[in-house]
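Me: Please take a close look at a single part of this model, the sheet and whatever packs on it, and describe how the pieces are arranged.

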Amino acid sequence: MMTSNQIRQSFKDFFQSKEHRIVPSAPMVIKDDPTLMFTNAGMNQFKDIILGNAPIKYPRVADSQKCLRVSGKHNDLEEVGHDTYHHTMFEMLGNWSFGNYFKEEAIDWAWEYLTGVIKLDKGRLYASIFEGSPEENLERDDEAIAYWKKYLPAERIINGSKDDNFWEMGDTGPCGPCSEIHVDLRSDEERAKVDGASLVNQDHPQVIEIWNLVFMQYNRKADGSLEPLPAKVIDTGMGFERLCMAVQGKLSNYDTDLFQPIIQKIAEITNNRYGVDPKKDVAMRVVADHLRTIAFSITDGQLPSNAKAGYVIRRILRRAVRYGYTFLGMHDAFIYRLVPTLIEVMGEAYPELPAQQSLIEKVMKEEEEAFLRTLETGIRLLEKNLPKEKEGVLKGEVAFQLYDTFGFPLDLTELILREQGMSVDLEGFNREMQKQKERARNAAAMETGDWTKVHEGEPEFVGYDETESTTRILRYRKVKQKNKQYFQLVLSRSPFYAEMGGQVGDSGWLTNESGETIDIFDTKRENNLAVHLTNKLPSNPLGTFIARIDTEKRTATECNHSATHLMHEALREVLGNHVEQKGSYVSPELLRFDFSHFQKMTQEEIREVERRVTAKIRENYPIEEHRHVPLEEAKAQGAMALFGEKYGEDVRTVRFGTSIELCGGTHISSTGRIGTFRIFSEGAISAGVRRVEAVTAKVCEAYLYAMEDALKEVRGLLNNVPDVMQGIHRLIADNDEMKKEIQVYVKERTEQLRQRLIADRKEVNGITLFRLVLPIGAPEVIKDIAYQLKGQFPEKMLFVGATAANGKPNLTVMVSDDLVAEGFHAGNMVREAA
């Protein structure tokens, strides 16, 4: 029986023999595409080629891609683990043709690989094809049917609807019919009873799709119409886990060698057996699946957090913890202990796992422990809000708060309630969930029009060498987002850097020959295409323009970017070679740098990093920039390739002295121009990851001036003492002494007031009444006196005290216990008086 590693390699070897370029998996976490947080299909890393925004380097490509799906058809996170063949993180085997071969070769090679290489039973395979769509004026895919008839009888070629067999990238963009290959894994007896063709696309757990061959031949426009795609594309995707199930003769993905070692380790740690209790089996599958997702996300640089992609990862991890807590009895962190087993299974194919094992384990352990504390808090909140009556119903709003704030899934709330004979208001919960989805949808909604072509040509970035350039508008489109309207422009030659790699985009101006100027307020990157954002179009888009960036902002950004490189090197020198970049943000105002390190930096370490960066600034190292350097050559020169980053075969290196990095951003011409550098913040952002923030150049000068001004002001307040710190220590000591003296005075004054109250007390209807009014705000004094009097007069006693602080009255009422028993209520008295 072939192992999973052998199956993965056989796919690559097969398509390499068909003259395909085998490329590495792109990171699962996407950093420079505003439309996606995670790679959810094999084609994501080729989007810019498919859309025509990047040149075709290899017309034939194949790979195994790490993917993550937590929403959409069959991919609801809450369903993962309950069936045998859906996952959050999965591998997608795929082959692509960009304007090279098309349907016939795609079908021929798919059949050859499945039946010739990995020897799947031909009699168990089915193919679905697009049946056509009259409303779209699209005919049945007879071309694909003709090719399939070479291998399959007509009854195993099945018509599929537009929903199942017409693939679209999004609301707009490339699309086309597809042909899915399904395999029937049922026993011979079951197959004899029910024809497999009737179970295709019917969600049967043993009649499943394993490979989708997409034939991109149309482009969907914003108005919904279709036009032919100039260069046809083949995009195929095969679920690796499902393929392993079919090849290894299993009835569940979780029974393959990809999951069983992990599941058996879970059983060992939790003192359970897999295959005995269905609920525990689901829990073990959930943990095994989610372990992979979390580990790969961390290696790609995405740590659990409360925002965007980080929130998705945190939610997945918490779901795994919750299943372990509820069904496996694990009230202590344990998922992190599964990482060595995961590395045994997948470390050979993905070396980033063993390379970052320590970080993965530390982040997981800390997140698990934090959520276990949160779970206890959530359970207490649930108990506090339980319906008073038996068989009561918990409000949907409370159930949603538990879900949204504490990560309490609805089924856990239902389980706890069910044990007490109660239920939850599902309608109310769903109503709150819908409101949240609508809020998120409205916040993210973006309407884009079709591109209007103005001139032919390919965009060129010239910003490494020029700050202004003669240019023309190649195309533009209108965008609406959050009730705002603006335009995206694509320029032929542009000095504007488009936001990427943590560096913000340039702003600036476009000026035409008649002097008309429009503002470019930002430059973004969409599908590897630099788009320039402006609130209005020029009066004549056909003209020639001067594109000019805001050089003051660019220079400030470059100072911060170059200083980031120097600081990265200094951090590794001071803290150790375990330091690795985990995130970066560079703007004109500041630089922010996230890096792997397991403890707080000391003040001396921070100062030493500042000294080293400042020394490199004084050395005035000139930039040594090299473009189109082979990746391996760049590594040999000392440039560090970061896990979670996508690199091409050729890269750009930036060197300042001994600092060398792979970088696509813009930089200052020499380090001396940075001028000054200071770290103003250092702290943890998650387990094993620290964040430093720093300023350079003019902003740093302003920061230092502000510190100097504050010091001068403090010295002035201390009567211009020569030694400010000594003056502050003396002031603190004097203040402490005065506090002690005041406390003695307050104690004496309180005793005097108490004695006066006792002397002035009155008897009203058999009740001893004490009344006290103080002209200054001292409620704590009144409270102290009230308790003393209650101790001295424990029966038939009523105390009323009042103070005024900042124009606001404060009332205090104290009632003896026997009067409380008679119906006196201090709170009601205060409310009535107020």
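Reply: In this predicted model, the part to look at is an open sheet of four strands, whose order is β23-β24-β29-β28 and whose pairing is antiparallel. The edges of this sheet are formed by β23, which covers 581-586, and by β28, which covers 677-686, and each of these edge strands pairs on one side only. Direction ignored, neighbouring strands of the sheet are turned by 15 degrees against each other on average.

Within that order, β24 stands next to β29, and the contact between these two strands can be followed in detail. Strand β24 spans residues 591-596 and strand β29 spans residues 689-696; the two run antiparallel and are joined by six bridges. One position in this pairing can be named on both sides, since D594 stands opposite R691 in β29.

The sheet also has a helix lying across it. Helix α17, made of residues 551-575, lies across β23, β24, β28 and β29, so that the edge strands β23 and β28 are both included among the strands it crosses, according to the contact cut-off of heavy atoms within 4.5 Å. As for its direction, α17 runs at about 25 degrees to β24, the strand that is joined by its six bridges to β29.

Taken together, the picture is of an antiparallel sheet in the order β23-β24-β29-β28, with D594 and R691 facing one another in the β24 and β29 pairing, and with helix α17 laid across the four strands named.

Technical notes: Residues are numbered from 1 along each chain as its sequence is written. This is a predicted model: local features need pLDDT of at least 70, side-chain atom pairs count only at pLDDT 80 or more; totals for chains, interfaces and linings use all residues. Side-chain values use heavy atoms; hydrogens and water are left out. Two strands pair if DSSP finds at least two bridges between them. Axes are lines fitted to C-alpha atoms, for helices over the stretch in contact, and angles run from 0 to 180 degrees between N-to-C directions.
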